[in-house]
Amino acid sequence: GPITTDMQTLTQEIDKFARDKKIEIETLKVREEYRKEFLGNISHELKTPLFTVQGYILTLLDGAMNDKNIREKYLERASKGIERLGYIVKDLDMITKLEVGDLSLNLEVFNIVELVRNVFDMLEMKAAKKRITLIFDTDYANPIMVKADKERIQQVLVNLIVNSIKYGNENGTTEVSIENLIKNKVIVRVTDNGEGIEKRYLPRIFERFFRVDKSGSRKEGGSGLGLAIVKHIIEAHDERIYVESELNVGSEFSFTLEKAK
Ligand code: ADP
């Protein structure tokens, strides 16, 4: 009769309630783990340059500052360490804002060709230090107008091109190209012929703090956040990012953008 049905409904509801609560608690647990891991990673990332800086300063105080050459060298290195700390803090700030969803996009119509040129100008010196040639591989007499957050897309380009220089070979190349896709989209590709990435690591490289070779990458500096930031920015635009790479051959990162009508 109706009483049994009610009892059944009630039992089902209690079950559902318990199930939901359990899932909620599990979600909270996962989040708590995530938060702990994040904080652990942050302190680890900050510790390395902090100890380096402290080491140089202590050595100076210990008497090394009496030698002018050593003094200059150590102060320069300490300064580099502090500069690196600054970059890491800036990246952390950015990733936190992106993950909390605190960063609203400032959409505007701009010429992506011009933006690539500007980023090339910014990074030319860095590339030259490794004798890497920056190539803009298309006929770009005509502007290509896109609708996106210009400042953020600039950061995407900077992060990808800086990586291609960091993980590129001496005398190598970094090539950027822009191609029309169907349906009012363009695809921007950043290709290098550097060290490449082993297939098994490809699914993980967009994770924050993930690095293929901890020691090797550390030598190159960086926070391990560059690609996580790139992915967040592209996804915030509702666009896609792709990577193709082969060990000792090179890598290609590409992302889509909306063309302005
Ligand atoms: P990082 O600060 O270590 O460069 P990223 O998030 O920018 O952090 O990159 C994560 C990892 O992905 C790098 O440590 C490196 O191992 C790998 N990687 C990124 N870009 C490239 C590239 N162009 N060529 C080879 N490996 C790359």
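Does Asn-171 count as buried or exposed, and at what relative accessibility?

## Two loop residues with positive phi

In this predicted model, Asn-171 counts as exposed because its relative accessibility is 57%, and the cut-off for that class is over 50%. Asn-171 lies in the loop that joins helix 4 (150–166) to strand 4 (173–181). Its phi is near 65°, a positive value in a residue other than glycine.

Phe-209 also has a positive phi, near 70°, and is likewise a residue other than glycine. The loop that holds Phe-209 runs between strand 5 (185–192) and helix 5 (214–219). With a relative accessibility of 6%, Phe-209 counts as buried, since the limit for that class is under 20%.

## Nonpolar cores

The largest nonpolar core comprises 55 residues. Those with the most contacts inside this core are Ile-112, Ile-153, Ile-161, Ile-178, Ile-205, Phe-255 and Leu-257.

For Leu-257, residues up to four places away in sequence are not counted among its contacts. Beyond that range, Leu-257 touches Ile-112, Val-146, Ala-148, Ile-153, Val-186 and Val-188, as well as Asn-184, Lys-185 and Glu-239. A second core, separate from the largest one, has six residues. Val-53, Tyr-56, Ala-64 and Tyr-74 are among them.

## A nonpolar surface patch

Ile-57, Leu-58, Leu-61 and Met-65 make a nonpolar patch of about 380 Å² on the surface. One of these residues, Leu-58, is found in helix 1, which spans residues 2–61.

Key. Residues are numbered from 1 along each chain as its sequence is written. This is a predicted model: local features need pLDDT of at least 70, side-chain atom pairs count only at pLDDT 80 or more; totals for chains, interfaces and linings use all residues. Side-chain values use heavy atoms; hydrogens and water are left out. A nonpolar core is a set of buried Ala, Val, Leu, Ile, Met, Phe, Trp, Tyr and Cys residues joined through side-chain atoms within 4.5 Å. Buried means under 20% relative accessible area, exposed over 50%, partly exposed in between (1.4 Å probe, protein chains only). Contact means heavy atoms within 4.5 Å. Patches are made of residues with over 30% relative accessible area and no salt bridge: like charges are joined within 9 Å, nonpolar side chains (Val, Leu, Ile, Met, Phe, Trp, Tyr) within 5 Å. Accessible areas come from the Shrake-Rupley method with a 1.4 Å probe; for residues, only the protein chains shown count as cover. A salt bridge is a side-chain nitrogen of Lys or Arg within 4 Å of a carboxyl oxygen of Asp or Glu. Helices (H or I, at least four residues) and strands (E, at least two) are DSSP runs, numbered from the N terminus.
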